[in-house]
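Colleague: I've just opened this one and I'd like to go through it with you. Can you tell me how each label is earned?

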Amino acid sequence: MSPLWMVRRIGFYVLITLVLAFFAVPMLWLASAPFDSKPGLGLRWPDWTFANVAATFEHPYALTSLVNSLVLCVVATVVTTVLAALAAYALSRVRIPGRDLLLYLLLLLSSVVTGTAAMVPIFVMMLQLGLINSQFGTALVIAGGMLPAAIFILKDFMDAVPRSYEESARVFGASPWQVLGHVVLPVARPGVATIFVWAFVNAWGNFLLPFLLMRDVGQQPAAVLLRTLYDEGGSANLTVIPVFSLLYSIPVVVLYLFVSKRYGFRFHGGIKS
Amino acid sequence: MDSSGLGVRRALGFVAPALVLIGVFLVFPALWTLYIGITNYQLTGPAAANPRIVGLDNVVEAVRDPLFTNSVWLTALFVLFSAVLGQNALGFGLAWLLRNVRPWLRRTVEGFVLLSWILPGTVVAYLWFAVLSRDTGTLGLLLGSPETAWLVQYPMTSLIIFNVWRGTAFSMLLYTSALAAVPPSQIETARLMGASGWQTVRDVVFPHIRGHVLTNTLLISLWTANDFTPFLLTAGGPNHQSEVLPVLIYRQALEGGQLGYASAMSMLLLVGNLAVALVYVRLLRRRA
Amino acid sequence: MRRTRMFGLLAVCGLLAGCLGQTQEGDKAQNADAKEITLTIVANAAAGGKNARGANWIQNWVIPKFTEQQKAKGVTATIKFEQNGAGDEDFKTKVALDLKTGGGGDIIEIDGIWLGEFAQAGQIKPLGDVVGNTDWDGWNQIPKAVQGLGEFDGKRYGVPMGTDGRVLFFNKKLFAQAGLPADWQPRSWQDVLDAGAKLKTLPGVTPIQLNAGTAMGEATTMQGVLPALVGAGKPIYENGKWQGDSAQLKDVLGLYQKVYGGGLGDPVLQQEAKGRDRSFTLFGENKIGILLESDYFWRSVVEPKNGVAKMADRDTAVGWALVPAKQAKAGVGGQDFVSMSGGGVRVINPNTNYPRQAWEFMQFLNSAEAVKESLAGAAQLTQRQDVNDEVLKGDPMLTFISEKVLPITRYRPGLADYPKVSAALQQATADVVAGKSPDEVATAYRAALIKAVGEGNVG
C-alpha cells in the first residue's frame, strides 16, 4: 500500500505542477517585458529599467483611458448584473409561457450582435438615438449583448435557492422586494458576484463598439487605446505596450481578488439545468 | 408554484427592463443584420450607394465558397477540441483533483486558472505571442527548438491549446460546484467497493452532474464558436489555415467591406449555433 | 413584451426617417459670410500613438494659428480635431459609416487609395461641386503626378498630403562581408538574385525580404507584387482592365518562386501575423540583406533615435538602390528602373455646413508655412515642391527619392475594386511561397479575379 501510495502522491503533484506551469508560464511576459530596456515579443530575463513605465505615464491618453474604461465598464456591468438578477429571479419563480425558448433564442441572437457584421445597424441606430460619443449609450449596447448569457446563468443560481426560505419570509410578511433583497440575493451572492466579474471582464476587453461609438480620443477606453499604440507604418510600439498591458490588467485582477475574498467566487451549488 | 408571491404581473415588471434593453440593443440590430444579409450591401463603392436585395444569393455563394466551407470545418474542429473536449476535460480534471488538496495549493492553482480567464483579450494575445513566437518564444526555448514558428507551422493546434488555457476556468468553476452536490457517502461507498477513480467518476459522479455537463458544454461551445481572439493571434493565417468563422466574417466585413455577404455568413453561423443548441436541448430532455 | 414592441416600432420609424432624409444637397455658398464657424478635422493620427507628429501639429499649431487668423478677420472659428490612431481598415470603416449617415468631420484625411471607393459610393464629391471655385496658388507647387493622388475619374476630389517612393534598402555591412559593393545598383532582377546568392553564404542571414502572403496585407502588394509588376512591364490596371494571368504576372510569380523556393527568402516569416514587424527587427539586427520598402523605412524604422528598429549606424550601414526592371528597358514605359508610390489625401465632406470656410481651412493646411511646420524639423517628402527643396537638402536618401524615384514612379488605381484585386495578388504570392508552381497559381488567381470583379473587367 505504502509505495503505491507514494507513487500516486508524487504523480499527483507532478500533474498539478505541470498544470500550474501551463497556466502560469504565459503570464511571465507581463512580469518581464514591462521592465526590459529592449522589450520584444518573447521572454527573456529583463535588462531592468523603469524607462518604459515613465514613457507610459507620459503618454497623453494612457491614464485617462483607464479611467474611461472604469466608467464604461462599471455602468455596463452594473446594468447587466442588476437587470439580469431581477429578470433571472422572476423567470426562475414564475412560469412564463415560452420562457426557455425565449432564453435560448436571445442567447443565440447575442452572438450575432457581438459579431462584426452588426456594426452598421448598431452605428446607425445609435446615431438616430443621439447616443454617439456617449459613454452611457456605449455601455448600454455592451450590456444588451451580455444580458442573455447573464440571465441564463443567473437563473440557474436562482433556481438553486431553496423556496422554503422565501415561504418562511413571506409568512413573516415580507414584500417581494424584501424577499429578493434579504433572502434570495444573499444566498445567490456568489453567483451574482461571478456574473459581475464576468460582465466586467467582457466589457473591459471590448474594442469595436467603443471604437465606433466613442469619437473623442479623450473619452476612449483602454481597449481602444491599446490598439492605437502603433506608428504610422503599423509597427507596434513596444516601449509602451507591455507596461500599458500590465496597467490595463490590474483593475480586473483587483476586482477578482476583491470579489473572491468578499463574496466567494464560485458557482456554489450553482448552475444546474 | 409561486412560492415567492411574485405574481405574474410583478414578475413581468422584473423582466421588463432587461427585455427592453435586449430588445433595443440586441434583437433589433440582430434582425437588421439578418436583413442586410439578403442584400448586396457594401461599405464603400457603387453598391454602397444603391444596395439591392439579392435574396439568398449570399447564402448560396457562401456555401459554394471554399473559404467558407474551410472556415466551417475549422470552427467545428476548434469547438470540438478546445471546448467540448479540452476545456471540459481539463476543467473537470482540475475540479476533481483539487477537491481534497490543501487550501493554499487549491487557491494558487485556481488563481492562475482564473487569471487566464479574466485578463483582457488583447493582453492575452501578447502573452501568447511571447510563448509561441520564433527565436525568442518561451515554448521554443523550453523544448530546445527556437526556430519553430508555432503559430505558422501549427496554427490550429496552437489556437486550440490557447483556447483551452483561456477558457478552462469557467468549466472548472462549474464542475467544482457541481461536485460539491454529489453526496460524499456515495463516492466513499464506491471506493470501499474497490472501484477505480475512473469507474467512480463514470458510475457515481456523472449521473449526478449530467445536467451540468450539458449546460457547460452548450455555453462554452457557443462562446468558442463566436470567439474573435484567434484573429489577434494568427489573423486567420497562414493562408487561411486558422480562419475560423468569426475571423472570416470580420475580414469580409472590415477588410473587404462586404457587409451583405458578411451578414449572410453571420446568419449561417447563427443557424449552426441553433443546431448545436437543439442537440443539447434534446439531450437534456432525454435525461428528464 | 408589449412595451418592447412599441419601442422597437418607434425606433424603426425614427431610423427609416433618418436614413431617407440624409441626401441633402449642400449649397456651395451656404454660410459663406458666417461670423461664427465650427469645423472638424478627422485624421488617423493620435497624440502618443499612430502618426503622433501629425496629431501634435494639428492640435498645437494648426488650430491656434487658424483660429487667430480668422479672428483677425472678425470670424470666431472653433476647430475640433477628432483623433484616431487605429488600423487602416478600422479607420476606413469609421469614416465610411460617418459619410454614409451624413455626418463626419468637415475635412477628412484618408489614404489616397480609398478615394475611388468613397467617390463611387457617392460619399465624397468633386472638390468644385462641394466648395465652388477652387482656384489656389498652391496648385503650382504640387507636382502633377502628386496631384493625381487626389483625383478620380479625371476629377479632383482632394488635396494630397505628401507622397513616398519605394526602393531597395540593403545592409552595407553584410554586403562588405559578402564581397558586394557599397554603391550597389542592380540593373535586372537577376542582379538582385545574384547578390542574394552571395549573401546566402553568410551564416544566419536572410538574403532578400520581398513581402509576400496575406498576413502582410497591403504591404505585400505595395512592397512586393506591384513594384515587380511594373518592372515586368505592365501595371496592374490598364485601359479599363485588371491584369489577369498575363505573361508579366507569371514573371512576377516566377521571381517569388526564385526567392522563396531558392532559399533566398524566409517563407515562414511571410506568414507570421507580425511578420513585417519582425522583418524590420531582423534588418536592424543585421540579419536581412536586401529589403524593398518605402522611404518610411528610412525615416521611422531604422531611424537612429526614434525608429521602431533603431540602427545607431543607419547613415553608414544602410544603402539604397532603385528597383530594377526585369531587365534593362523591360519596365513599364520602357523604363530601366521602377517604383510605386502612395500617400494621403485630405477631402472636404460634402455635408459640411461651411464649404467656403472648409476650403479656406484646406488652403491653410497646405500652405508652405503649415506644411513645413508639420514636419517638426524632420525631413519627409511633402506635397509641395518649395518645401521639399528646402527640407530635403540635409537628407541624401529623401533627396534621392525626390529626384530619382518620383519621376519614374507609378500610383495604384484608386478604384473600389482595388482592395479585392490586391487581396487576390496577396493570395497568389502566398500560394507560391507555399510551394505551388507559378502557372498553377496564375490560373487560380485569374479565377479569383473574375469572381471578384467580373469577367468583363479582366484583361
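**Talking through the labels**

Modeller: Let's begin with a long stretch: the end C-alpha atoms of residues 73–280 of chain B lie 20 Å apart, and the span is 80% helix and 0% strand. UniProt, in an unreviewed entry, lists those residues as "domain: ABC transmembrane type-1". Keep in mind that this is a predicted model.

Colleague: What makes chain B a chain of helices or of strands?

Modeller: The count does: chain B comes to 14 helices and 0 strands. Its C-alpha atoms fill a box of roughly 75 × 65 × 30 Å along the principal axes.

Colleague: And how many helices and strands does chain A have?

Modeller: Chain A has 13 helices and 0 strands. The box for its C-alpha atoms is roughly 75 × 65 × 35 Å, again along the principal axes.

Colleague: Where does the "transmembrane region" label in chain B come from?

Modeller: From UniProt, in an unreviewed entry, which places that feature at residues 12–35, 72–97, 109–129, 149–165 and 259–281 of chain B. Such annotations may be inferred rather than shown by experiment. We can still look at what the model does there. Residues 12–35 of chain B are 100% helix and 0% strand, with end C-alpha atoms 30 Å apart. Residues 149–165 of chain B are 88% helix and 0% strand, and their end C-alpha atoms are 19 Å apart.

Colleague: Which residues of chain A carry the "transmembrane region" label?

Modeller: UniProt, also in an unreviewed entry, gives residues 12–31, 66–89, 101–124, 136–154 and 234–259 of chain A. Take residues 66–89 of chain A: the span is 100% helix and 0% strand, and its end C-alpha atoms are 33 Å apart. Residues 136–154 of chain A are 100% helix and 0% strand too, with end C-alpha atoms 24 Å apart.

Colleague: Now a pair of helices. Why is α4(B) called oblique to α11(B)?

Modeller: Start with the numbers: the axes of α4 (residues 66–97) and α11 (residues 197–225) of chain B come within 9 Å and cross at roughly 140°. That angle makes α4(B) oblique to α11(B). To be called roughly antiparallel, the angle would have to be over 145 degrees, and roughly perpendicular covers 65 to 115. The crossing is also right-handed.

Colleague: What makes the contact between those two helices, by class of residue?

Modeller: The contact of α4(B) with α11(B) has 6 nonpolar, 8 polar and no charged residues. Among them are Phe78(B), Val79(B) and Gln87(B) on α4(B), with Asn216(B), Ile220(B) and Thr224(B) on α11(B).

Colleague: Over in chain C, what makes α9(C) roughly perpendicular or oblique to α19(C)?

Modeller: The axes of α9 (residues 218–232) and α19 (residues 418–433) of chain C come within 9 Å and cross at roughly 75°. Roughly perpendicular runs from 65 to 115 degrees. So α9(C) is roughly perpendicular to α19(C). Glu218(C), Thr220(C), Thr221(C), Gly224(C) and Val225(C) meet Ser422(C), Leu425(C), Gln426(C) and Thr429(C) there. By class, that contact has 2 nonpolar, 6 polar and 1 charged.

Colleague: How do you know that chain B touches chain A?

Modeller: Residues count as in contact if their C-beta atoms lie within 7 Å. By that test, 77 residues of chain B are in contact with 81 residues of chain A. The largest share of chain B's side, 19 residues, comes from α1(B). That side has 54 nonpolar, 20 polar and 3 charged residues.

Colleague: And how many residues of chain B are in contact with chain C?

Modeller: There, 24 residues of chain B are in contact with 28 residues of chain C. Again α1(B) gives the largest share of chain B's side, 6 residues. The side divides into 16 nonpolar, 7 polar and 1 charged.

Colleague: Last one: where in chain A is confidence lowest and where is it highest?

Modeller: The mean pLDDT of chain A is 83, and 92% of its residues reach 70 or more. Among its helices, α5 (residues 99–113) is lowest at a mean of 77, and α4 (residues 62–93) is highest at 92. Then there are residues 269–273 of chain A, where pLDDT stays under 50. Where pLDDT is low, the predicted coordinates should not be read in detail. The model has 26 contacts beyond four places in sequence for residues 269–273 of chain A.

Definitions and conventions
Residues numbered from 1 in each chain as written. Chains lettered and ligands numbered in written order. Predicted model: local features only at pLDDT ≥ 70, side-chain atom pairs only at ≥ 80, totals over all residues. Helix = DSSP H or I, 4+ residues; strand = E, 2+ residues; numbered from the N terminus. Contact = placed C-beta atoms within 7 Å. Nonpolar A, V, L, I, M, F, W, Y, C, P; charged D, E, K, R; others polar. Axes fitted to C-alpha atoms, helices over the stretch in contact; angles between N-to-C directions. Parallel < 35°, antiparallel > 145°, perpendicular 65-115°, else oblique. Left-handed = near helix turned anticlockwise from the far one by under 90°. pLDDT = per-residue confidence, 0-100.
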